[in-house]
Amino acid sequence: MRQATIYIDSAALQYNFQRVKQLAPNAKIVSMVKANAYGHGVKDCLAALADSDAFGVACLQEALEIRDLGYQQPITLIEGIFSADEMPIVIAQNIECIVHHQQQLDWLLAHKDAYITQGLKIWVKLNSGMNRLGFKVPEIIDVIHTLKAEGFTCVLAMHFANADADHPLNEQQKAQFLQVKNACAPILASCCNSAAIYKWPELHFDFVRPGIMLYGASPFADQNVHTLDLKPVMTLTAEIIALNQIQPGEQVGYGSTFTAERDMTIAIVSIGYGDGYPRAYVQPNFVAIQGQLTPMIGRVSMDMIAIDVTGLTVKLGTTVELWGKNRLVDEVATANGTIGYELLCRMSARPVRKQI
């Protein structure tokens, strides 16, 4: 049987969650489990995150999946509701919403009594320069004053555009957030994603919202998970299904993009872009066999890749780590010209999934 396999390490996930608690001991933790827990499988991850104060998701469908699995923690819809008919459902299921535009605000006010009676907080999104979602200053101050006057418990929320880098917009965003927070005091506040949790402990406030760090990938381009004291949660493996001896001048794969310059042993591995493994590389890429890195050669096919195993002791069925503890997903992403988030989130349903 073809064995492209995703292993989810629950102990590593719990370890990373504890790292958040160490870094932000006075804040409540909203664990981000949107996009099927960043591709890790929300069903497989929630038990390891059961001590979370709340969960964060992108849409109602994701929230209802958590409820169907039996978890009763608060859930925040970080994009809010998408239609008026979702509001009675979120109230009945004790799901909290962000509001980021007037129509959502109108839908909320139309269900004011039921929402407040359920003890649900309303998260109000500040657009401080990222220009995706949110109310700008001073509109958001008026919105929050209106909601507080109506009896809502509000959380001022914001998202950094450049928390992973030194960028002048960071200071502008901080200043606007503090301006609104002070103008609307007292108010609960939340602005720290994974990168901001590390960089700005003074901004942890009431709620932090860890995402990628929970899953053992780095929010920073210049720091790996070992530096950040995190553990990779997902390991993607496949097996060697063929071994070929090639001579100088022979070529490998579609487009014949690789030409051997010496006698080589190459292995064919049962993984490809049909499994979610990335195809296009801007830098050389490597896989790991028994902890040792070895290069991938030629193009990625839908179902297979070729690797150089010259001098290694391998056989049919030998396990190859595409990413995990020895070859970090962020390293593969860099070679692919993207970020670890994307690779984790776009895994297909084809690989077998197992918990360890």
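**The lining of the largest pocket**

Task: Determine which elements each supply at least two residues of the lining of the largest pocket, and how that lining divides by residue type.

Solution: Begin with the vocabulary, in which helices (H or I, at least four residues) and strands (E, at least two) are DSSP runs numbered from the N terminus. A pocket is, on a 1 Å grid over the protein atoms alone, an open set of points with protein on both sides within 12 Å along at least five of seven lines, whereas a cavity is a set of points where a 1.4 Å probe fits but cannot get out; lining residues have an atom within 4 Å of a point. The model examined here is a predicted one, in which local features need pLDDT of at least 70 and side-chain atom pairs count only at pLDDT 80 or more, while totals for chains, interfaces and linings use all residues. Residues are numbered from 1 along each chain as its sequence is written, and side-chain values use heavy atoms, with hydrogens and water left out.

The elements that each supply at least two lining residues are α2, β6, α10 (194-199), α11 (329-336) and α12 (340-345). Next comes the lining itself: it consists of 41 residues, and H159, N193, I212, I339 and Y341 are those nearest the pocket centre. By type, the lining holds 22 nonpolar, 10 polar and nine charged residues, where Ala, Val, Leu, Ile, Met, Phe, Trp, Tyr, Cys and Pro count as nonpolar, Asp, Glu, Lys and Arg as charged, and the others, Gly among them, as polar. The pocket volume is about 950 Å³, a volume being the space filled by probe spheres set on grid points that are joined across faces, edges and corners.

**Enclosed space**

Task: Establish how many cavities of 30 Å³ or more the model holds, and what lines each of them.

Solution: The count comes to two cavities. The largest cavity has a volume of about 80 Å³, and its lining includes K125, N127, N131, R132, M158, H159 and Q173; the division by type is four nonpolar, five polar and two charged. For the second largest cavity the space is about 60 Å³, and among its lining residues are H40, Y215, W323, L328 and L344. Here the division is eight nonpolar, three polar and no charged residues.

**An aromatic cluster**

Task: Describe the geometry of the pairs that Y38 forms with Y215 and with Y341, and state which parts of the chain they tie together.

Solution: Rings of Phe, Tyr and Trp (its six-membered ring) pair if their centres lie within 6.5 Å, and planes under 30 degrees apart count as stacked, over 60 as edge-to-face and the rest as tilted. The whole structure contains 10 aromatic pairs. In the pair of Y38 and Y215, the centres are 4.9 Å apart with 25° between the planes, a stacked arrangement. Y38 belongs to helix α2 and Y215 to the loop between β9 (207-208) and β10 (234-246), so this pair ties together parts that are 177 residues apart in sequence.

The pair of Y38 and Y341 is tilted, at 6.4 Å centre to centre and 35° between the planes. Because Y341 lies in helix α12 while Y38 lies in helix α2, the parts tied together are 303 residues apart in sequence. To combine the steps, Y38, Y215 and Y341 form one aromatic cluster. Y38 has a relative accessible area of 8% and is buried, whereas Y341, at 29%, is partly exposed; buried means under 20% relative accessible area, exposed over 50%, and partly exposed in between (1.4 Å probe, protein chains only).

**Backbone exceptions**

Task: Locate the cis peptide bonds that precede P138 and P186, and place the positive phi values of N36 and N131.

Solution: Most residues other than glycine have a negative phi, and most peptide bonds are trans. The bond from V137 to P138 is cis, with omega near 5°, and P138 falls in the loop between β6 (122-125) and α8 (139-149). A185 and P186 are likewise joined by a cis bond, with omega about -5°, and P186 sits in the loop between α9 (168-183) and β8 (188-190).

As for phi, N36 has a positive value of about 55° although it is not a glycine, and N36 is placed in helix α2 (residues 34-38). N131, also not a glycine, has a positive phi of about 60° and lies in the loop between β6 and α8.
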